[in-house]
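Student: I should like to work through the ligand site and the nonpolar packing of this protein. Could we begin with the site?

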Amino acid sequence: LKKFITYIQIPKMMLRMVQKRALQLRANANKRESSALFDSSRKKERLVILGSGWASFKILKDLSVHSARFDIKVISPRNYFLFTPLLTSSCVGTLSFRSIIEPVRNMSESSRYYQASALDVDIGTKSVRCMGKLTGEEFSVNYDKLVVGVGARNNTFGIDGVEEHAMFLKDLSDARRIRNKIIECFELANLPTLSGEERRKVLTFAVVGGGPTGCELIAELSDFLWEDLLRAFPNVSAGDVRIVLLEGSDGILSQFEWRLAKQAMNNFKRAGIDVRLGTAVTRVERDSVLLASGERLHTGMVVWSTGVAPTPLVRAFEGRFAEQNGRLFVDAHLRVRDADTMRPLPDVYALGDCAVIDGDPLPPTAQVAQQQGTYLSRQLLSLTPVAEQKPFQFHYLGMMAYIGGFKALLDSPYLVGSGWLEWLAWRGTYFSKLGSWKNKMNVPADWLRTLIFGRDISSF
Ligand SMILES: Cc1cc2nc3c(=O)[nH]c(=O)nc-3n(C[C@H](O)[C@H](O)[C@H](O)COP(=O)(O)OP(=O)(O)OC[C@H]3O[C@@H](n4cnc5c(N)ncnc54)[C@H](O)[C@@H]3O)c2cc1C
């Protein structure tokens, strides 16, 4: 047995050695290039990165090999990067949680990471006040250059009861909560003590918001229902289950071409999903949702997915840093502007969901955040003064959304369509975008496992 264990360790060790060597070679090449441009007598620049999402993680990835130039500190309450486009799949167990995350510490040995939230920034002393996530204790970190990539929160529009009773889908912990809740609702409905009416109430799943996230969640939920849950709970009949999509405007997926949005509507209707357009929610209670029409919809679970709002950190900047609709107002070089003078503040940059470019408001998407991350790392590496560098330009690559039943929508400058070929493209694209070989092995393995054995239906 010992011999066997040793043998199976050999390929793992070899892979590690190859990976380490490749990283060393890359780091050496970058160091050579960096030191050729950089005067080594100059002090290392202290670069502080706030956040570990799409924008910040991209910068960390690009700059961590330039340890001769930068002393990098990352501050984020989340010690991993999350591949959000596949988060809805992990809500229902198509993918396991660990397959779509990347630990921040794996990215760089030279940078330092603190599990903390930034509370405020003092541009006079060039310091960030932080609070440790585990201890609640405060500490300060000084910077020469500061990158703010703290993303956004869910927008509740101040509607009563949303914070208390609805679920959100932003992080891995949310996905775990949603998955447990779905399974708990089915376990509850399975009890012999419940009346038929109570069973129907507990098996009503409502998603508020018909944007890409809400629609993908509905689609995954419907697959989970038909492919796994109804089989695993023979006492529950399909007629007792209701999946409802509540959308305040008169259409879903408004970011997509109208005919694609229509295809999605038809697909949802075929899957028995109740799509209610022009339906505003006025209040959420523990076991029901109140609609503007006065109707009360009894629910087992409500997921709220209606756009983004500023994080507490961005709120704390109010009056000092320029803002537009709750996002930091940056110039075309991603420099944060002073609220009074509207001039760029020295050495403070913002990008991703928490920022909006003057004259070029871009949607809060991973695509934008990642491209801005690439742009800013190049800008930080360059020795040309910022004002002389090219401004940021977004290259639109298209949009995709899963609509259930092995079908997806694809709306890109090259191809527009919906169906199973688009679903293959959807999977292929996200597979190619996964940041590490570990996840490139995990995700297809999860897809195959789900196809053969179905999704796991235990809650823990
Ligand atoms: C379920 C879901 C599906 C999505 N699907 C797609 C898709 O298919 N395609 C697409 O383009 N976009 C998609 N998006 C949108 C995309 O995820 C966001 O636009 C993107 O994450 C924004 O990147 P970001 O770096 O600005 O912020 P985030 O990725 O949200 O990262 C913010 C980071 O800041 C940290 N942070 C927060 N507050 C503080 C603080 N005070 N101090 C320090 N750190 C802090 C957070 O912990 C986090 O690490 C999806 C989003 C969700 C939720």
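**The ligand site and the nonpolar cores**

Tutor: In this predicted model, 28 residues surround the ligand, and those that come nearest are S52, A55, T84, A118 and D353.

Student: Which residue places a polar side-chain atom 2.5 Å from an oxygen atom of the ligand?

Tutor: Two backbone contacts can be set aside. D353 has a polar backbone atom 2.8 Å from a ligand oxygen atom, and a backbone N or O atom of T365 lies 3.3 Å from a ligand oxygen atom. The side-chain atom at 2.5 Å belongs to T84.

Student: How much of the ligand does the protein bury?

Tutor: The reference is the ligand taken alone, which exposes 1,000 Å². Of that area, the protein buries 87%.

Student: Which element gives the most residues to the shell around the ligand?

Tutor: The elements that give two or more residues are α2 (54–63), β2 (70–76), β5 (112–122) and α11 (366–381). The shell as a whole divides into 14 nonpolar, twelve polar and two charged residues. With three residues, the element that gives the most is α11.

Student: Which helix supplies the largest share of the largest nonpolar core?

Tutor: This core has 117 residues, of which V148, I182, F186 and F268 touch the most other members. Beyond four places in sequence, I182 is in contact with C91, V92, F205, L221, F224, L229 and M301. The largest share of the core, nine residues, comes from helix α8 (residues 212–232).

Student: How many residues form the other core, the one that includes A166 and F168?

Tutor: That core lies apart from the largest one, and V281 and L291 are also among its members. Its residue count is 14.

How values were computed
Residues numbered from 1 in each chain as written. Predicted model: local features only at pLDDT ≥ 70, side-chain atom pairs only at ≥ 80, totals over all residues. Heavy atoms only, no water. Near = heavy atom within 4 Å. Polar contact = N/O pair within 3.5 Å; in protein donor to acceptor, adjacent residues only side chain to side chain. Areas by Shrake-Rupley, 256 points an atom, 1.4 Å probe, with all protein chains shown as cover. Helix = DSSP H or I, 4+ residues; strand = E, 2+ residues; numbered from the N terminus. Nonpolar A, V, L, I, M, F, W, Y, C, P; charged D, E, K, R; others polar. Core = buried A, V, L, I, M, F, W, Y, C linked by side-chain atoms within 4.5 Å. Buried < 20%, exposed > 50% of the residue type's maximum accessible area, 1.4 Å probe, protein only. Contact = heavy atoms within 4.5 Å.
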